[in-house]
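Thanks for asking me to take a look at this one. Here are my notes, set out as numbered points.

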Amino acid sequence: MSVNSAAPAPQGLGASSLLLMALACGLCAGGNYFNQPLLHSIAEHFEVAQATAAASVTLAQVAYAGGLLLLAPLADKLQRRGLAVSLMLLAAVGQAICGFAPSVQAFMAGTVVAGLFSVAAQVLVPMAAALAMPGQSGRAVGWVMSGLLLGILLARSVAGMVSEAWGWQAVYQGAAVVMAVVALWLWKMLPASRSSVPVSYGQVLASMWQLLRGQQALRQRTLVSALAFASVSVLFSTMALQLSSGPLGLGDGQIGMIGLAGAAGALVATQAGRLVDKGLGRVSCAIGALALLLSWPMLWWGGAHLGWFVLGLIVIDLGLQCLNITNQATVAQLLPAARGRMNAVYMTGYFLGAALGSALGTLAWRINGWQGACTLGLLLAVLAAMGTFSMRRSHAALAAAA
């Protein structure tokens, strides 16, 4: 099997199809973030410690990483539309389990199911790149990733507001219904699409390791994005604990509304993809790394001052999205015939970084509260910046691909 085999000629995607794919990605990815502003309410409902409820954040990200490793690569073997729709319907089942869970154990099980199958989003992202017209793959990835990122960011806000009005279970129950409807809409709207060189599942998994070993640009960009997401996940796993206690004492709805501030980060997603198409990925990565570094002092002060917290949230989301969109769009250009596997390797590393950041963030919170979390987040941001500014050969590979 050769990962350099020719890919099928792009068919092009209309604006309506791109918007639908963006919506689907937002629902799938956002479903893994509903719990973040609800940790206090979930802990009270099941009568468990807040740290136990916070473990669901890490569990969702570990499950998502597992799905990326084991399920997303099937996009290079199976018919992509059918795969995406099937995975999305199964993710809806996981959300329903969470919404009707009689115990914290059942809730955790639903979290695993939803996280595992929500990788439908990462089938749709490389599919958008594959179907885009020549020279527009970065733009297509940017549009679809904008939906994914808005889903992640708005999920916290929507979850908080719905929880305030109808209870936290309604968040998951409603999501299950909406995801099922959108999945069926995807089946109707999207064209059939599959790799021109389908391979066995064993070959798919083996080739992912070969791609990681053979593609330096893939390794560098995966590591940088994993460190960046780990830094941001320290914030995701502890912000509700800080905002609901201490000097601020906010409720679920208020915490969710603060999450709206981070939506500004998603606004750069399309522009970052266009910078890649123009060969300016280095600029986008530099902006992202610097924003990540600047955000943590703001968040440190924001533990007691809401204005600084909101500003820090905006800046950290800007930083993460600049890095992620640029790196993901770059990876999609390196080997067109292996987009699904390349994307799976990249996103597996990305969400393993997120899971590590969440776990370490919870530990840092236990040891030294908000100050401990901010110190850890800044350290991870420094490592991500060091990796970003050392990506010389990776940038050369991008220029050659362009």
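The points below cover helix packing, a salt bridge and a surface patch.

1. A word on the source before anything else: this is a predicted model. Please read each value below as computed from that model.

2. I would start with helix α14 (residues 281–302) and helix α15 (residues 306–334). Their axes lie 7 Å apart, and the two helices pack at an angle of about 155°. Angles over 145 degrees count as roughly antiparallel, so that is how α14 runs relative to α15. The crossing in which α14 passes α15 is left-handed.

3. What is the make-up of the contact of α14 with α15: how many residues are nonpolar, polar and charged? The contact has 19 nonpolar residues and nine polar ones, with no charged residues.

4. Helix α15 also takes part in a salt bridge. Arg156 pairs with Asp317, and their closest N and O atoms are 3.9 Å apart. The cut-off for a salt bridge is within 4 Å, and by this rule the count comes to one. Arg156 sits in helix α7 and Asp317 in helix α15, so the pair ties together parts that are 161 residues apart in sequence.

5. Staying with helix α7 (residues 137–166), have a look at the surface too. Leu150, Leu154, Val158, Met161, Met257 and Leu260 form a nonpolar patch there, and together they have about 440 Å² of accessible area. Which helix gives the largest share of the nonpolar patch? That is α7, with four residues; Val158 is one of the patch residues and is found in helix α7.

6. Next comes helix α16 (residues 339–388), which packs with helix α3 (residues 50–70) at an angle of about 165°, the axes being 8 Å apart. The two are therefore roughly antiparallel to each other. Here α3 passes α16 in a left-handed crossing.

7. Helix α6 (residues 121–131) also meets α16. Their axes come within 9 Å and cross at roughly 135°. Why are α6 and α16 described as oblique? Roughly antiparallel needs an angle over 145 degrees and roughly perpendicular covers 65 to 115, so an angle that falls in neither range, nor under 35 degrees, counts as oblique; α6 and α16 are therefore oblique to each other. The crossing of α6 and α16 is right-handed, whereas α3 passes α16 in a left-handed one.

Definitions and conventions. Residues numbered from 1 in each chain as written. Predicted model: local features only at pLDDT ≥ 70, side-chain atom pairs only at ≥ 80, totals over all residues. Heavy atoms only, no water. Axes fitted to C-alpha atoms, helices over the stretch in contact; angles between N-to-C directions. Left-handed = near helix turned anticlockwise from the far one by under 90°. Nonpolar A, V, L, I, M, F, W, Y, C, P; charged D, E, K, R; others polar. Patch = residues over 30% accessible without salt bridge, like charges linked within 9 Å, V, L, I, M, F, W, Y side chains within 5 Å. Areas by Shrake-Rupley, 256 points an atom, 1.4 Å probe, with all protein chains shown as cover. Salt bridge = Lys/Arg side-chain N within 4 Å of Asp/Glu carboxyl O.
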